[in-house]
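Visitor: I would like to learn how to read a model like this one. Could we start at the ligand and then go on to the sheets?

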Amino acid sequence: MVALDGPSGTGKTTAARRLASGLGAGYLDTGAMYRVATLAVLRAGVAEDDETAVAALVRRAGIGVGTDPAAPTARLDGADVSAQIRTEEVNRAVSAVSAVPQVRELLVAEQRKLIREAVESAGGVVVDGRDIGTVVAPDAPLKVFLTASADVRARRRSAQDAAEGRQSSPGTARESVERRDRLDSTRAVSPLRAADDAVLLDTSELTVEEVTAKLTELAEGRG
Ligand code: C5P
């Protein structure tokens, strides 16, 4: 199992999927689970900072993610919401929803179950998130924490938005990325941080192919 953590715009998701495909392993996008929870909150019209209401809603919501790296899917109550969870509205609300302790408790339990199942069925899993090496799977044999400069991350986010048909500019992407990282790094429960035993990898000057190659080398080195 590989625990891959870091802020957005580091190339984490693309590299994680390619790494998983190359290894013949499963891929678990834990961010997608927090995004589906957030979509449920927004659709229900519950205020993101109403922790009790948010926790009750997330407990009832059917949050499902697929672990095939070639076609990761996200579902809410059985419906495919893979596109709907990537909107700016969800970007703005997801840090508040994911800071609610009961939400994390529910989703971390589900993530541990999905990790066990993926290891049983595919023989391994690459897990993409913010607290995988520190909280979800502290015993992971390989933990990597990806970083990149704020400029590079904003540019990548804006290019990704454009490629997926969403309007964006480097300025608004930078504001959005920095705000989310600030909230994720300063929350009380499971803040974004590198585990003490994580390998740090700065991807600012690397292409996604280079990041994938480096991760593959690390994963093969650790068996
Ligand atoms: O990885 P992605 O950008 O899709 O994650 C969306 C949000 O979900 C993050 O900004 C963070 O608030 C939350 N998240 C989290 N813990 C994780 C993965 C994501 O709190 N393991």
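Guide: Start with a polar contact, a pair of N or O atoms within 3.5 Å. In this predicted model, an N or O atom in the side chain of Arg187 is 2.8 Å from an oxygen atom of the ligand.

Visitor: How much of the ligand's accessible area does the protein cover?

Guide: On its own the ligand has 450 Å² of accessible area, and the protein covers 97% of that.

Visitor: What is the distance from the side chain of Arg104 to an oxygen atom of the ligand?

Guide: For an N or O atom in the side chain of Arg104, the distance to a ligand oxygen atom is 2.8 Å. Ser98 has a polar side-chain atom 2.9 Å from an oxygen atom of the ligand.

Visitor: Which residues around the ligand come nearest?

Guide: There are 15 residues around the ligand, and the nearest are Arg35, Arg104, Asp131, Arg180 and Asp184.

Visitor: Now the sheets. What is the strand order in the open sheet of five strands?

Guide: Read a sheet from one edge to the other. Here the order is S2-S6-S1-S7-S8, and the pairing is parallel. S2 (26-29) and S8 (199-202) each have a single partner strand, so one side of each has no neighbour in the sheet. From one strand to the next, the twist averages 20°.

Visitor: How many bridges pair S2 with S6?

Guide: Four bridges join S2 to S6 (residues 125-129), in the parallel sense. At one position, Gly26 stands opposite Val125 in S6.

Visitor: Which strands does helix H2 touch in that sheet?

Guide: Helix H2 (residues 30-44) packs on the sheet and touches S2 and S6, with its direction at about 40° to that of S2. Helix H9 (residues 208-222) also packs on this sheet, touching S1 (2-5), S7 (142-147) and S8. The direction of H9 makes about 160° with that of S7.

Visitor: In the open sheet of three strands, is the pairing parallel or antiparallel?

Guide: The pairing is antiparallel, in the order S3-S4-S5. S3 (63-65) and S5 (79-80) are the edge strands, each pairing on one side only. Three bridges pair S3 with S4 (residues 74-76), and Leu76 in S4 is the bridge partner of Ile63. H2 lies across S3 and S4, at about 30° to S4.

Visitor: What confidence does the predictor give?

Guide: The complex has an ipTM of 0.99 and a pTM of 0.95. For the protein, the mean pLDDT is 94, with 100% of residues at 70 or more.

Methods
Residues are numbered from 1 along each chain as its sequence is written. This is a predicted model: local features need pLDDT of at least 70, side-chain atom pairs count only at pLDDT 80 or more; totals for chains, interfaces and linings use all residues. Side-chain values use heavy atoms; hydrogens and water are left out. Two strands pair if DSSP finds at least two bridges between them. Helices (H or I, at least four residues) and strands (E, at least two) are DSSP runs, numbered from the N terminus. Axes are lines fitted to C-alpha atoms, for helices over the stretch in contact, and angles run from 0 to 180 degrees between N-to-C directions. Contact means heavy atoms within 4.5 Å. A residue is near a molecule or strand if one of its heavy atoms lies within 4 Å of it. A polar contact is a pair of N or O atoms within 3.5 Å; within protein, one must be able to donate a hydrogen and the other to accept it, and residues adjacent in sequence count only if both atoms are side-chain atoms. Accessible areas come from the Shrake-Rupley method with a 1.4 Å probe; for residues, only the protein chains shown count as cover. pLDDT is the predictor's confidence in each residue, from 0 to 100.
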